[in-house]
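Take a look at the model below before reading on. Keep the chain letters in view as you go.

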Amino acid sequence: MKKYTFTEKKDTRSGFGAGMQILGQQNPNVVALCADLVGSLKLEAFIKENPERFIQCGISEANMIGLSAGLTIGGKIPFATTFANFATGRVYDQIRQSVAYSNKNVKICASHAGLTLGEDGATHQILEDLGMMKMLPGMTVINPCDYNQTKAATIAIAEYEGPVYLRFGRPVIPIFTDADQKFEIGKAWMVNEGTDVSIFATGHMVWEAIQAGELLEAEGINAEIINIHTIKPLDEEAVLKSVEKTGCVVSAEEHNRIGGLGDSIAQVLVKHLLAPQEYVAVNDSFGESGTPTQLMEKYGLTAKHIVEAAKRAIARK
Amino acid sequence: MEIEQLEKVASQVRRDIVRMVHGCQSGHPGGSLGCTELFVALYFERLMLNEQDGKPVFDMNGTGEDLFFLSNGHISPVWYSVLARKGYFPVPELATFRKLNSRLQGHPTTHEHLEGIRIASGSLGQGLSVALGAARAKKLNDDKGIVHVLMGDGEQQEGQVWEAVTFAPHHQVDNLIAFIDLNGQQIDGPTVKVMNNLDLGKKYEAFGWEVISIEEGNDMTAVLKGLYEAKSRLGHGRPIMVLLHTGMGFGVDFMMGSHKWHGVAPNDEQLAAALAQLEETMGDY
């Protein structure tokens, strides 16, 4: 098992803020919009350096999406930012018609996704956003795994022409990817090569998968771990190449088991390469209040749960 | 263009509208007919449009020109007709309206790359937000073009409209002219009965907009005068709302003033009766 260590923990949303600061300096067309959550989205540095390119929308997410679509007419690259719940479910029709169907170069950047938002509870913990966004034709869906990768992804999506959903979160987690990485949209990242089981993880679950890989290694199981940071378009080639070798799959995501990464992988497997698959995901329920650690434990989203799922998958081979 | 010429264009546009809706036996003639003067006045007289050799040149960004957005996308027939008659795309293409493989979708879309369309609309309440974004982009680009957007009066019942209405004065959007087609009708009946908007002029004023009214929205002279006045008030830190009083179905006697022709196509007899009232001035497609 390849060793991953860390010296610092940070939140992925701060990676987004750092990426935005760099974009503010490098790309004069980048415009940031926010719906009364500037501090939560870590936009202070961008706003300080580019006040004329920041648009405070107030608590009006639908209007923010429409404004963003309009800004692209004139060549701007709008980054519309708020919590993941308000960036997707609340404004689905606005995204569908004014952004996706109209093929506008809007970047929807969503923080506080999933259970790890914590104490605010289920009203704010969206677990359906990846599913909703990936179902929109033409929408690219990205869920990076740590601070460095979120920063790199933020910079990369400005270069890409087309609508993007970028999902990140609130809690501090280990920084284990390279500071100077180049982010390739749609290209899965091989975390660890193995032969016994393929673990496909996204977002916060990638670090859990690495810890699971170490636990499995101690029991003589050699896990292949792949970071699927781009849910759509899915790197089908990487998925199939891995499963051809290992013959079984675990998918791990901080999302409802219906409609997320696991289903995207299952769709590839059922068409090209039947293999047993186990889901590590929220079992079609809403979340609740609690600390991020408590919630990930209660809803079955830890390294321990990935280990159990891996053993079940291997047993079904 | 002289008033008389503009009225001739309007007559042909009305013929196009009823023929298009008849041709596919679906679509929305009522609101289209009611807004014909506004569309003709804008595209044939008031909008500053990028042109080459007397023909409009379309690019998505609309750099250096005025922009128009249609928020109540269901009145697409009037827009398609005016765009075609202005020269954005071939007039015969109007015959494909709402048919399979057409660029002239039931509601306007950029998806089929139809020249003149910059955003999809149809699901109501979104156009003002889009227009405000485009107006902001123009300011960021130091582009002097003016952004125009038309909404329906029934559409004022959508919540997103009021998010945008609140935004515009706060951000001093003063390079935008918005219109409401006040025809007093919506699908289920008169607007005052379905969901009374009360006094929209007072509402917009209370939200910080400058409001002007065109009482005779189907009179070309009155529309041109109103558009001139609206433009003269730009650039003073406030958005402009033009309340355009129109008659739904105007120009075809049996379609006028009733919500019944909101989304119904004429049959062969009704088409003949309608065309008999509308002079063919530019040649039918």
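This report goes through domains, a sheet, a core, the contact between chains and one loop residue.

**Two domains in chain A**

The model is predicted. Chain A is split into domain 1, residues 10-174, and domain 2, residues 189-315. Their C-alpha centres are 25 Å apart. How many residues of each domain are in contact with the other? The count is 27 residues of domain 1 of chain A and 31 residues of domain 2 of chain A. Four elements of chain A each give at least two residues to the side of domain 1 that touches domain 2. They are helix H6 (129-134), strand E6 (140-142), helix H7 (147-159) and strand E8 (172-174).

**Annotated spans**

UniProt annotates a span in chain A and a span in chain B, both from unreviewed entries. The table sets out the computed values beside these names.

| UniProt feature | Span | Helix | Strand | Distance between end C-alpha atoms |
|---|---|---|---|---|
| Transketolase-like pyrimidine-binding | residues 10-175 of chain A | 40% | 19% | 7 Å |
| Transketolase N-terminal | residues 8-274 of chain B | 38% | 13% | 16 Å |

**The sheet**

Chain A has an open sheet of seven strands. Read across the sheet, the order is E3-E2-E4-E5-E7-E6-E12, and the pairing is mixed. Which strands stand at the edges? They are strand E3 (54-56) and strand E12 (230-232) of chain A. Each has a single partner strand, so one side of each has no neighbour in the sheet. From one strand to the next, the twist averages 20°.

Strands of a sheet pair through backbone hydrogen bonds, in a parallel or an antiparallel way. Now take one pair. Strand E2 (residues 30-34) and strand E4 (residues 77-83) of chain A are parallel partners, with five bridges between them. Within this pair, Ala32(A) of the sheet is opposite Phe79(A) in E4(A). Helix H3 (residues 61-72) of chain A packs on the sheet and touches E2, E3 and E4 of chain A. The direction of H3 makes about 165° with that of E4(A).

**The core**

The largest nonpolar core has 183 residues. Ile199(A), Ile306(A) and Ala310(A) have the most contacts inside it. Domain 1 (10-174) and domain 2 (189-315) of chain A each give this core at least three residues.

What is Ile306(A) in contact with, leaving aside its neighbours within four places in sequence? Its contacts are Ile199(A), Glu208(A), Ala209(A), Ala212(A), Val250(A), Ala252(A) and Val280(A).

**Where chains A and B touch**

Across the two chains, 22 residues of chain A are in contact with 27 residues of chain B. On the chain A side, H3 and helix H5 (92-101) each supply at least two residues. H3(A) gives the largest share of that side, eight residues. This is the helix that also packs on the sheet, touching E2, E3 and E4 of chain A.

**A loop residue in chain B**

Met48(B) is in the loop between helix H3 (36-46) and strand E1 (51-52) of chain B. Is Met48(B) buried or exposed? It has 12 C-beta neighbours inside 10 Å, so it counts as exposed. The cut-off for exposed is 12 or fewer.

Met48(B) still has contacts beyond its neighbours within four places in sequence: Glu65(B), Asp66(B) and Gly145(B). Ile146(B) is 98 residues from Met48(B) in sequence, yet their C-alpha atoms are 8.4 Å apart in space.

Note on methods:
Residues are numbered from 1 along each chain as its sequence is written. Chains are lettered from A and ligands numbered from 1 in the order in which they are written. This is a predicted model: local features need pLDDT of at least 70, side-chain atom pairs count only at pLDDT 80 or more; totals for chains, interfaces and linings use all residues. Two strands pair if DSSP finds at least two bridges between them. Axes are lines fitted to C-alpha atoms, for helices over the stretch in contact, and angles run from 0 to 180 degrees between N-to-C directions. Two residues are in contact if their C-beta atoms, placed from the backbone, lie within 7 Å. A nonpolar core is a set of buried Ala, Val, Leu, Ile, Met, Phe, Trp, Tyr and Cys residues joined through C-beta atoms within 7 Å. A residue is buried if 20 or more other C-beta atoms lie within 10 Å of its own, exposed if 12 or fewer, and partly exposed in between; C-beta atoms are placed from the backbone. Domain bounds come from an automatic or database domain assignment. UniProt positions are given in the numbering used here, feature names are shortened, and annotations may be inferred rather than shown by experiment.
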